Amino acid sequence: MKRIFLTLFWLACTLTASAQQGSKVDMKVKIFTAEERDNLQLWYHEEIQRMGLSEEIASEYNGILMYYVAKISRLDDKDQDLPQAEFKKRLNEYLKKQDADLREILTDEQFAIHKEIYGEFLRSAYRRWGIEK
């Protein structure tokens, strides 16, 4: 289960897919350095333990996050060329949908912890994207 959380967080931190062959490699934007990603992974792993998720809920939680991280990661790819206002609008739409899906499987306490953890990550990402919340 620890491996799943670390893998998930690595995906969330990079907000990009693994480097792919061909021209797609040039389209990906990485917002965190390798060292920053490593530090974020350690912090995330420690924080996620507070949620106390069962294996079943953890699997659902990871699936939801991976789905939305994949969607969000495409927003800042160079081939998207979205104006900042449109980028922010789509990002917020995905985050609202993600929250709705997570509310269905998490307790109020777990969801609050998720929002705290994810909020820290988003603040860092917003700074890198140059977005004011």
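# Notebook: a six-helix chain

**Entry 1, E116 and its partner.** I began with E116, which counts as partly exposed because its relative accessibility is 42%. I note here that the model is predicted. Next I looked for what E116 pairs with. R50 forms a salt bridge with E116, and the closest N and O atoms are 3.1 Å apart. The two residues sit in distant parts of the chain: R50 is in the loop between α3 and α4, E116 is in helix α6, and 66 residues separate them. R50 is partly exposed too, since its relative accessibility is 40%. I wrote down the general point that side chains of opposite charge can pair when their charged atoms come close.

**Entry 2, the chain as a whole.** I then stepped back to the overall layout. The chain has six helices and zero strands. Read along the sequence, the pattern is α-α-α-α-α-α. How much of the chain counts as buried? Of its 133 residues, 41% do. I also looked up the contacts with a separation of 6 or more. Residues 24 or more positions apart account for 71% of them.

**Entry 3, the other salt bridges.** How many salt bridges does the count give? The count comes to four. Besides the pair in my opening entry, I looked at two others.

One of them joins the side chains of R90 and E86, at 2.8 Å from N to O. R90 and E86 are four residues apart in helix α5, so about one helical turn separates them. The general rule is that an α-helix has 3.6 residues a turn, so residues three or four places apart point the same way. R90 is partly exposed, because its relative accessible area is 30%. E86 is partly exposed at 25%.

Another joins K115 and D99, with the closest N and O atoms 2.7 Å apart. K115 lies in helix α6 and D99 in helix α5, so this pair ties together parts that are 16 residues apart in sequence.

**Entry 4, D99 in more detail.** Is D99 buried or exposed? D99 counts as buried because its relative accessibility is 18%, and the cut-off for buried is under 20%. Its partner K115 is partly exposed, with a relative accessible area of 39%. D99 has its place in helix α5, which runs over residues 84–103. What does D99 touch, leaving out residues up to four places away in sequence? I found F111, H114 and K115. The side chains of D99 and K115 also make a polar contact, at 2.7 Å.

**Entry 5, the nonpolar core.** The largest nonpolar core has 29 residues. Within this core, Y61, L91, L102, L106 and W129 touch the most other members. Helices α3 (34–48), α4 (55–75), α5 and α6 each supply at least two of the core residues. In general, nonpolar side chains in soluble globular proteins tend to be buried together.

I picked L106 from that list and looked up its contacts. Setting aside neighbours within four places in sequence, L106 is in contact with M51, L53, I57, Y61, F111 and H114. F111 and H114 had already come up as residues that D99 touches.

**Entry 6, helix α4.** Which residues of α4 are buried? They are I57, A58, Y61, N62, I64, L65, Y68, V69, I72, S73 and L75. I checked the length as well. The 21 residues of α4 should span 30 Å at 1.5 Å a residue, and the end C-alpha atoms are 30 Å apart, which agrees. The multiplier in that estimate is one less than the number of residues.

**Entry 7, an aromatic pair.** The count of aromatic pairs comes to one. Y67 and Y68 form it in an edge-to-face arrangement, with 4.8 Å from centre to centre and 85 degrees between the planes. I compared how covered the two partners are. Y67 is partly exposed because its relative accessible area is 45%, whereas Y68 is buried at 6%.

**Entry 8, helix α6 and its end.** I closed with the helix that holds E116. Helix α6 covers residues 108–129, and its 22 residues should span 32 Å at 1.5 Å a residue. The end C-alpha atoms are 30 Å apart, which agrees with that estimate. What follows α6? G130 does, with a positive phi near 75 degrees.

Methods:
Residues are numbered from 1 along each chain as its sequence is written. This is a predicted model: local features need pLDDT of at least 70, side-chain atom pairs count only at pLDDT 80 or more; totals for chains, interfaces and linings use all residues. Side-chain values use heavy atoms; hydrogens and water are left out. A polar contact is a pair of N or O atoms within 3.5 Å; within protein, one must be able to donate a hydrogen and the other to accept it, and residues adjacent in sequence count only if both atoms are side-chain atoms. Contact means heavy atoms within 4.5 Å. Rings of Phe, Tyr and Trp (its six-membered ring) pair if their centres lie within 6.5 Å; planes under 30 degrees apart count as stacked, over 60 as edge-to-face and the rest as tilted. Buried means under 20% relative accessible area, exposed over 50%, partly exposed in between (1.4 Å probe, protein chains only). A nonpolar core is a set of buried Ala, Val, Leu, Ile, Met, Phe, Trp, Tyr and Cys residues joined through side-chain atoms within 4.5 Å.
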